Amino acid sequence: MEDHMTTDLSADQDAEFRLPEPEVAKRPGDYYGHLRSRCPVAHTPTFGGFWILSRYDHVRDAAMDTAAFSSAGGVTIPLTPTPPSLCLEQDDPEHRLYRRPMQRWFSPARMAALESAVRDVVTECIDAIADSNRADLASSIADPVPAMVIAAMLGLQRDEWPFFREKNGEYFRLQALGDAEGAAAAVQSLVDYLNRKLDERRTRPQDDLLTDILTLEVEGRTVTAEEALSLAFLLLAAGHETTVGAIGGMLYHVARDHEVRDRLIAEPALVDRAVEEALRLEPPLPGLGRTTRDGAEVNDVVIPPGEHVMLLFAAANRDPAAFDDPEQFRLDRRSNSHMAFGYGIHRCVGAPLARLEMRVVLEEVLRRLPGVRLREDDEVEVVYNFSRTYRCLDAEW
Ligand code: HEM
């Protein structure tokens with residue numbers, strides 16, 4: 001299948017995949033610019049070899065062209081030993097069967113009903129640091145909020161979040177390091193954990209998402225135990241890892257730029273724009289994979305059949321052909337059609353929840369810690385393990 005060895009690559013296609021390098025993970029703008037301008041259809045030998053699309057139009061068109069670019073071969077690069085992801089790793093018509101019912105779980109009415117619970121979680125996290133005048137915003141806010149919120153939605157015990165957050169990060173990290181056995185063990189402990197929780201719901205249904213999953217009807221029948229596990233796994237994983245990265249990126253920009261922070265305090269109506277701008281500049285899932293079915297042609301480059309292709313949403317989001325002044329965090333950007341949530345049929349189903357969490361975090365941080373400022377930009381670390389996560393956001397107020 002991976003016949004790139006026989007593919008004749010020209011010099012402007014051969015590229016390194018540099019996101020795992022700490023400096024590039026933190027400030028990826030130059031790398032993305034290099035890819036877009038020098039090798040917009042690049043090939044890298046990393047992770048067994050894959051292609052990278054980085055221009056806005058190319059990424060958008062590939063995401064739309066599901067006949068040429070399939071999700072069914074897995075969308076993580078490298079592939080991870082997780083249960084097959086229903087919906088995310090399926091093409092239509094199968095994809096649609098699971099996507100439709102899931103959309104109901106993130107409807108505007110459900111999100112409105114959830115807002116006060118999200119605010120309670122955020123308040124609890126800020127209460128723990130407000131009096132100390134200094135804290136790491138990554139470990140005290142970005143890390144716990146999404147994990148506690150998805151735990152509440154699924155019906156998991158709140159204090160169990162450090163366990164599933166750690167295991168979830170572990171399987172990506174170990175897989176990327178080539179430790180397939182360790183990654184599989186981390187996945188298995190999450191599978192065992194979720195199976196136990198699902199079993200509890202089978203004997204005693206609750207008013208929570210795990211119970212909704214068990215009773216989901218697909219094509220006139222209730223989902224099987226295997227399908228239920230796959231959906232629970234997907235929601236648990238997708239439901240926190242990404243939002244942790246998104247909140248970290250947003251707090252980074254607001255805490256390091258006093259003008260942005262003060263303008264948001266003066267004009268709270270701009271909070272939604274700050275959320276979108278953070279998603280555009282710092283999308284926590286920089287790139288997702290597809291597999292070419294019969295081969296594809298992009299920018300006059302032929303990609304053979306059966307090749308893995310990364311749609312680098314993060315580079316597309318900084319494409320000057322699509323955004324003015326793309327490297328800047330701007331609150332006056334009126335239209336912002338970023339692709340942090342993907343594009344086309346797989347566009348993130350949990351986006352309303354992620355946006356709700358980001359908005360509430362920003363509102364509460366600005367209200368409770370109005371003088372918040374980053375102490376040392378140099379201390380901030382960004383780790384790329386398939387998703388992009390901020391660490392050491394040491395701030396004072
Ligand atoms: C800021 C946070 C988030 C980001 C940046 C994000 C990003 C994405 C992206 C880029 C996709 C498209 C995948 C593809 O094209 O292959 C996606 C799909 C998906 N996301 Fe999210 N996501 C976030 C939060 C969430 C949350 C909170 C949930 C659920 C609790 C969630 C559940 C899903 C699911 C189920 C899919 C698959 C949709 C489909 O295949 O139709 N995501 N997400």
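## Exercises on the ligand site

The iron atom of the ligand has one protein donor, Cys348 (SG), at 2.3 Å. The structure is a predicted model.

**Exercise 1.** Determine which protein atom serves as donor to the iron atom of the ligand, and where its residue is found.

*Solution.* Step one: search for N, O and S atoms within 2.8 Å of the metal. Step two: the SG atom of Cys348, 2.3 Å away, is the single donor from the protein. Step three: locate cysteine 348 in the chain; this residue is found in the loop between α14 (313-316) and α15.

**Exercise 2.** Identify the residues that come nearest to the ligand, and the polar atoms that lie close to its oxygen atoms.

*Solution.* Step one: from the 30 residues around the ligand, select the nearest, namely His95, Arg99, Arg290, His346 and Cys348. Step two: apply the polar contact cut-off of 3.5 Å. A polar side-chain atom of histidine 95 is 2.7 Å from a ligand oxygen atom, and for arginine 290 a polar side-chain atom is likewise 2.7 Å from an oxygen atom of the ligand. Step three: include the backbone, where a polar atom of isoleucine 345 lies 3.5 Å from a ligand oxygen atom.

**Exercise 3.** Describe the shell around the ligand by element and by residue class.

*Solution.* Step one: list the elements that each supply at least two shell residues; these are α4 (94-104), α11 (225-256), β7 (287-292) and α15 (351-368). Step two: find the largest share, which is the seven residues from α11. Step three: sort the shell by class, giving 21 nonpolar, seven polar and two charged residues. Step four: consider the space that the ligand takes, which is the largest cavity.

Terms used. Residues are numbered from 1 along each chain as its sequence is written. This is a predicted model: local features need pLDDT of at least 70, side-chain atom pairs count only at pLDDT 80 or more; totals for chains, interfaces and linings use all residues. Side-chain values use heavy atoms; hydrogens and water are left out. A residue is near a molecule or strand if one of its heavy atoms lies within 4 Å of it. A polar contact is a pair of N or O atoms within 3.5 Å; within protein, one must be able to donate a hydrogen and the other to accept it, and residues adjacent in sequence count only if both atoms are side-chain atoms. On a 1 Å grid over the protein atoms alone, a cavity is a set of points where a 1.4 Å probe fits but cannot get out, and a pocket is an open set with protein on both sides within 12 Å along at least five of seven lines; lining residues have an atom within 4 Å of a point. A molecule sits in a cavity or pocket if more than half of its atoms lie within 2 Å of its grid points. Helices (H or I, at least four residues) and strands (E, at least two) are DSSP runs, numbered from the N terminus. Ala, Val, Leu, Ile, Met, Phe, Trp, Tyr, Cys and Pro count as nonpolar, Asp, Glu, Lys and Arg as charged, and the others, Gly among them, as polar. Donors are N, O and S atoms within 2.8 Å of the metal (3.2 Å for Na, K and Ca); water is not among the atoms, so sites may look incomplete.
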